[in-house]
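These are my notebook entries on a structure that I had not examined before. I record what I looked up, topic by topic.

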Amino acid sequence: MIIGAVDISRAVAGLSLFAMLLASTGAHAQACQEDFQKLTQKRMAGIEALNTLGKAGKGKMDPEAACPAAKRLVAVETEMMNYIIKNKEWCNIPDNVADGFKEARAKTQGFASQACAAAAKMKEMRDQAAAGGGGMMAPPKLPAGPL
């Protein structure tokens with residue numbers, strides 16, 4: 001079972017927030033910028049890991065490899081979302097930017113859910129085949145002898 005690769009254009013959705021932080025003024029704006037830049041670097045590393053899996057599979061990803069990478073990306077995006085919520089006023093983050101990031105995070109969570117569900121299904125099929133239950137992983141036995 002193979003799932004589609006992550007859309008790279010969606011990967012930069014949170015970068016508009018970074019641009020907004022750059023436009024802010026004052027010492028707290030610099031702190032916001034530095035914090036968010038660190039989070040953005042972690043997020044981009046997670047996106048790059050998924051893109052690498054997609055390239056290795058020629059546009060398709062192995063769900064068993066994609067699931068843990070997608071879970072890590074969701075964790076980073078959750079950390080970013082919590083930062084946005086906690087520091088919205090302090091960092092002068094507009095509502096539309098926060099809402100856009102929530103949507104991007106929801107898409108990542110959906111992708112992670114699909115990847116992990118497919119990985120679980122593959123594991124179940126392998127376990128059934130190993131237990132002698134057949135399934136898609138074990139080819140059916142063909143009749144032997146003269147027809």
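Which hand does the disulfide of Cys32 and Cys91 have, left or right? I note at the outset that the model is a predicted one. I looked up the torsion about the S-S bond of Cys32 and Cys91 and found about -85 degrees, so I enter this disulfide as left-handed.

**Entry 1: the disulfides**

I searched for disulfides and found two in the structure. In the one that joins Cys32 to Cys91, the S to S distance is 1.9 Å. I then located the partners: Cys32 lies in helix 3 and Cys91 in the loop between helix 4 and helix 5, so the bond ties together parts that are 59 residues apart in sequence. Cys32 and Cys91 are both buried.

The other bond is formed by Cys67 and Cys116, whose sulfur atoms are 2.0 Å apart. Its torsion about the S-S bond is about 95 degrees, so I enter the disulfide of Cys67 and Cys116 as right-handed. This pair also links distant parts of the chain, with Cys67 in helix 4, Cys116 in helix 5 and their positions 49 residues apart. Cys67 has a relative accessible area of 11% and counts as buried because the limit is 20%. Cys116, at 18%, is buried as well.

I numbered the bonded cysteines of the protein chain in sequence order and read the pairing as 1-3, 2-4.

**Entry 2: the overall layout**

I next listed the secondary structure and counted five helices and two strands in the protein chain. Along the sequence, these elements follow the pattern β-α-α-α-β-α-α. The protein chain has 147 residues, of which 35% are buried. I looked up the contacts between residues at least 6 apart in sequence, and 72% of them join residues at least 24 apart. The protein chain exposes about 8,800 Å², and carbon and sulfur atoms supply 60% of that area.

**Entry 3: the nonpolar cores**

Which residues touch the most other members of the largest nonpolar core? That core has 13 residues, and the answer is Phe36, Met80, Tyr83, Ile84, Cys91, Ile93 and Phe101. Helix 3 (27-56), helix 4 (63-87) and helix 5 (95-130) are the elements that give two or more residues to this core. Helix 4 gives the most, with five residues. I also found a second, separate core of 11 residues, with Ile47, Leu50, Ala69 and Leu73 among them.

**Entry 4: Tyr83 and Phe36**

I followed Tyr83 further and set aside its neighbours within four places in sequence. The remaining contacts of Tyr83 are Ala31, Cys32, Asp35, Phe36, Leu39 and Cys91. Both cysteines of the left-handed disulfide, Cys32 and Cys91, are therefore on the contact list of Tyr83.

A search of the whole structure for aromatic pairs returned one. The rings of Phe36 and Tyr83 have their centres 6.4 Å apart and their planes at 45 degrees, so I class the pair as tilted. Phe36 belongs to helix 3 and Tyr83 to helix 4, and the pair links these distant parts of the chain, 47 residues apart. Phe36 counts as buried at 0% relative accessibility. Tyr83 also counts as buried, at 13%.

**Entry 5: helix 5 and Phe101**

Does the span of helix 5 agree or disagree with its residue count? At 1.5 Å a residue, its 36 residues should span 52 Å, and its end C-alpha atoms are 52 Å apart, so I record agreement. Phe101 is found in helix 5, and Phe101 is buried with a relative accessible area of 1%. The C-alpha atoms of Phe101 and Glu77 are separated by 8.6 Å, while the two residues are 24 apart along the chain.

**Entry 6: positive phi angles**

I closed by looking at backbone angles. Just after helix 5, Gly132 takes a positive phi of about 90 degrees. Asn92 is not a glycine, yet it has a positive phi of about 55 degrees. I placed Asn92 in the loop between helix 4 and helix 5, the loop that also holds Cys91. Asn92 is partly exposed, with a relative accessible area of 46%, whereas Cys91 is buried.

How values were computed
Residues numbered from 1 in each chain as written. Predicted model: local features only at pLDDT ≥ 70, side-chain atom pairs only at ≥ 80, totals over all residues. Heavy atoms only, no water. Core = buried A, V, L, I, M, F, W, Y, C linked by side-chain atoms within 4.5 Å. Buried < 20%, exposed > 50% of the residue type's maximum accessible area, 1.4 Å probe, protein only. Helix = DSSP H or I, 4+ residues; strand = E, 2+ residues; numbered from the N terminus. Contact = heavy atoms within 4.5 Å. Phe/Tyr/Trp six-rings, centres within 6.5 Å; stacked < 30°, edge-to-face > 60°. Expected span 1.5 Å × (residues − 1). Areas by Shrake-Rupley, 256 points an atom, 1.4 Å probe, with all protein chains shown as cover. Disulfide = S-S within 2.5 Å.
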